[in-house]
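Visitor: I'd like to learn how to read a model like this one, starting from the ligand and working outwards. Can you walk me through it?

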Amino acid sequence: MTPTFHLIGAGPGDAELLTLKALRVLKESKVVLYDALVSQDILDFIPESVEKIYVGKRAGAHYLKQEETNALIVEMAFKYGSVTRLKGGDSFVFGRGQEEIEYAESFGIDSYVVPGISSSLAGPTLAGIPVTKRGVNESFWVVTATTCSGGLSKDLTHAAASSATIVVLMGVGKLELIAQLFSMYRNEDEPIALVQDASLPTQKVVIGTLKDIVERANERDVRPPAVIVIGEVVALGKESEIVAASSNSKMSV
Ligand code: SAH
């Protein structure tokens, strides 16, 4: 039988934001390789009998190199006949999911992908920020602040020059540069928000303007992972420490 590889997006952290399909595949798995951004509540859904291997990275501290993760996927697929990879958000949004699929397929492994709710959507939504609003904007863009070479993405300049709502991932460490760049193209009173730990009990939302966001973020001690949202729609958002609309009740599945 051809070995299989399931690439699953776990969503932003709240276990209730996992899809039913993801949950089914997790329960049927033999081995799950998971990332740092996958929450404990989600790992708790994986049966005891399933082998769980942490392959995550955190800014600064690398556990496994991407090549090592790729090799492990292939090794486990041949050992167990199937392997599941669990990633934060959606695997194809700055998640290197395609690299893993291509590597697995080069060994003749069949690949399947299960979409996840990306933090780029869940972050703004859980802060009460509609990424689009009729009459206010015509698009929302998702941009990484950090390119593979570590520099600031040139797309951020195009984003700043547009009238779109901009969602920036991997940008907390570059907040000052981002605010400066956007101030060159947009009004310095334009609202900007940071949503840290979106969907988790530790969720923190900080809203300011391009002018004062760095100071506000420092005051509130914002840390990664956080998404940055820039645009007029941000003014509709709500600052809160806890996700207002979420109940803490756990799914009984
Ligand atoms: N594939 C992921 C993104 C991976 S890049 C997704 O679709 O969500 C990692 C970046 O995602 C972090 O630097 C941060 O900007 C963002 N991120 C991931 N999870 C988050 C969360 N729960 N809250 C806020 N930002 C998050």
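Guide: Sure. Start by asking which parts of the chain supply the shell: here domain 1 (4–114) and domain 2 (119–236) both give residues to it, so the ligand lies between them. Keep in mind that this is a predicted model.

Visitor: Which residues come nearest to the ligand?

Guide: The shell holds 17 residues, and D90, V93, S118, S119 and A226 come nearest.

Visitor: And what classes of residue make up that shell?

Guide: A class count gives you a quick feel for the surroundings. Around this ligand there are 11 nonpolar, four polar and two charged residues.

Visitor: Which backbone atoms sit at polar distance from the ligand's nitrogen atoms?

Guide: For polar contacts, look for N or O pairs within 3.5 Å. V93 has a polar backbone atom 2.7 Å from a ligand nitrogen. For D90, the distance from a polar backbone atom to a nitrogen of the ligand is 2.8 Å. G88 places a backbone N or O atom 3.1 Å from a ligand nitrogen. As for cover, the ligand taken alone exposes 540 Å², and the protein buries 91% of that.

Visitor: Okay, on to the two domains. How far apart are their centres?

Guide: Taken over C-alpha atoms, the centres of domain 1 and domain 2 are 28 Å apart. Next, count contacts: 10 residues of domain 1 touch 12 residues of domain 2.

Visitor: How much area is buried between them, and what share comes from carbon and sulfur?

Guide: About 710 Å² is buried between domain 1 and domain 2, with carbon and sulfur atoms giving 77% of it. On the domain 1 side, P12, V93 and F94 lose the most area to domain 2, together 61% of what that side buries. You've met V93 already, among the residues that come nearest to the ligand.

Visitor: How many salt bridges and polar contacts cross that interface?

Guide: The rule finds zero salt bridges between domain 1 and domain 2, and one residue pair in polar contact. By class, the side of domain 1 that touches domain 2 has five nonpolar, three polar and two charged residues.

Conventions:
Residues are numbered from 1 along each chain as its sequence is written. This is a predicted model: local features need pLDDT of at least 70, side-chain atom pairs count only at pLDDT 80 or more; totals for chains, interfaces and linings use all residues. Side-chain values use heavy atoms; hydrogens and water are left out. A residue is near a molecule or strand if one of its heavy atoms lies within 4 Å of it. A polar contact is a pair of N or O atoms within 3.5 Å; within protein, one must be able to donate a hydrogen and the other to accept it, and residues adjacent in sequence count only if both atoms are side-chain atoms. Accessible areas come from the Shrake-Rupley method with a 1.4 Å probe; for residues, only the protein chains shown count as cover. Ala, Val, Leu, Ile, Met, Phe, Trp, Tyr, Cys and Pro count as nonpolar, Asp, Glu, Lys and Arg as charged, and the others, Gly among them, as polar. Domain bounds come from an automatic or database domain assignment. Contact means heavy atoms within 4.5 Å. Buried area is the accessible area (1.4 Å probe) that two parts lose on being put together, summed over both. A salt bridge is a side-chain nitrogen of Lys or Arg within 4 Å of a carboxyl oxygen of Asp or Glu.
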